[in-house]
Amino acid sequence: MVPSLFLLIATAGCAATDDAPEAPVPTPDAKAAKLCRNLDEALPEKVDGLERNDPEPGSELTAAWGSPAIILRCGVPWPDAAVKAKSNTATIDGVGWVAEQLDNGAQRLTTGGRLAYVEVTIPKDEVAKSGAGSLVDLAKPIKKAIPEGIAD
């Protein structure tokens with residue numbers, strides 16, 4: 001009976017991770033990584049009404065909400081989109097963003113003017129539903145955890 005219980009628990013654990021989105025973990029320098037860990041502690045459990053559903057592999061540098069997931073990566077390099085003619089900029093609740101429309105209909109937005117860059121990818125369905133509304137829920141923790149400045 002005990003082996004059956006172990007198998008049930010192991011199977012339940014695998015099922016939970018099967019639903020997790022995937023996101024590459026950034027490799028920032030030590031200063032940006034510390035700021036990103038501060039951001040991880042400040043992030044909300046819900047973004048745009050979606051429950052937190054962190055990506056695999058697990059890391060303090062990544063977070064996600066919903067499925068398909070809104071994915072946050074902290075400590076990314078400055079985006080190539082910033083120099084492309086088709087990128088846009090916006091400021092939402094005091095946080096500046098460079099926005100790029102992806103070929104699959106999703107949007108990728110990256111903060112500017114912060115000591116660590118934060119990238120948020122919003123899936124196509126969420127873009128259609130509420131645009132970049134999820135950035136409103138992320139602005140306060142970003143301002144709290146990552147000071148203004150230019151990342152190295």
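What is the handedness of the link of Cys-36 and Cys-74? In this predicted model, the link is left-handed, with -75 degrees about the S-S bond. Cys-36 lies in helix 2 (residues 30–42) and Cys-74 in strand 4 (residues 70–76), so the disulfide ties together parts that are 38 residues apart in sequence. The sulfur atoms of Cys-36 and Cys-74 are 2.1 Å apart, and the structure holds one disulfide. With a relative accessible area of 1%, Cys-36 counts as buried, because the cut-off for burial is under 20%. Cys-74 is likewise buried, its relative accessible area being 1%.

Strand 4, which carries Cys-74, belongs to an open sheet of six strands. The strand order is 3-4-8-7-6-5, and the pairing is antiparallel. Strand 3 (62–65) and strand 5 (88–92) stand at the edges of this sheet; each has a single partner strand, so one side of each is left without a neighbour in the sheet. From one strand to the next, the twist averages 25 degrees.

Two helices that pack on the sheet are described here. Helix 2 touches strand 3, strand 4 and strand 8. The direction of helix 2 makes about 155 degrees with that of strand 4, the strand to which helix 2 is also tied through the disulfide of Cys-36 and Cys-74. Helix 4 (residues 134–145) also packs on the sheet, where it touches strand 3, strand 4, strand 5, strand 6, strand 7 and strand 8. The direction of helix 4 makes about 135 degrees with that of strand 6.

Within the sheet, strand 7 stands between strand 8 and strand 6 in the strand order. Strand 7 is mostly covered, five of its six residues being buried. With strand 6 (residues 95–101), strand 7 pairs in the antiparallel sense over six bridges. In this pairing Val-98 stands opposite Thr-110 of strand 7, and Gly-96 has Gly-112 of strand 7 as its bridge partner. The hairpin of strand 6 and strand 7 has five residues between the strands, and Gly-105 in this hairpin takes a positive phi near 95 degrees.

The pairing of strand 7 with strand 8 is also antiparallel and runs over four bridges. Here Leu-109 stands opposite Val-120 in strand 8. Four residues lie between the strands in the hairpin of strand 7 and strand 8, where Gly-113 takes a positive phi near 70 degrees.

Gly-113 is found in the loop between strand 7 (107–112) and strand 8 (117–122). A relative accessible area of 32% makes Gly-113 partly exposed, whereas most of strand 7 is covered. Apart from neighbours within four places in sequence, Gly-113 is in contact with Pro-147, Glu-148, Gly-149 and Ile-150. Gly-113 and Trp-97 are 16 residues apart in sequence, and their C-alpha atoms are 8.7 Å apart in space.

Terms used:
Residues numbered from 1 in each chain as written. Predicted model: local features only at pLDDT ≥ 70, side-chain atom pairs only at ≥ 80, totals over all residues. Heavy atoms only, no water. Disulfide = S-S within 2.5 Å. Buried < 20%, exposed > 50% of the residue type's maximum accessible area, 1.4 Å probe, protein only. Contact = heavy atoms within 4.5 Å. Pairing = 2+ DSSP bridges. Axes fitted to C-alpha atoms, helices over the stretch in contact; angles between N-to-C directions.
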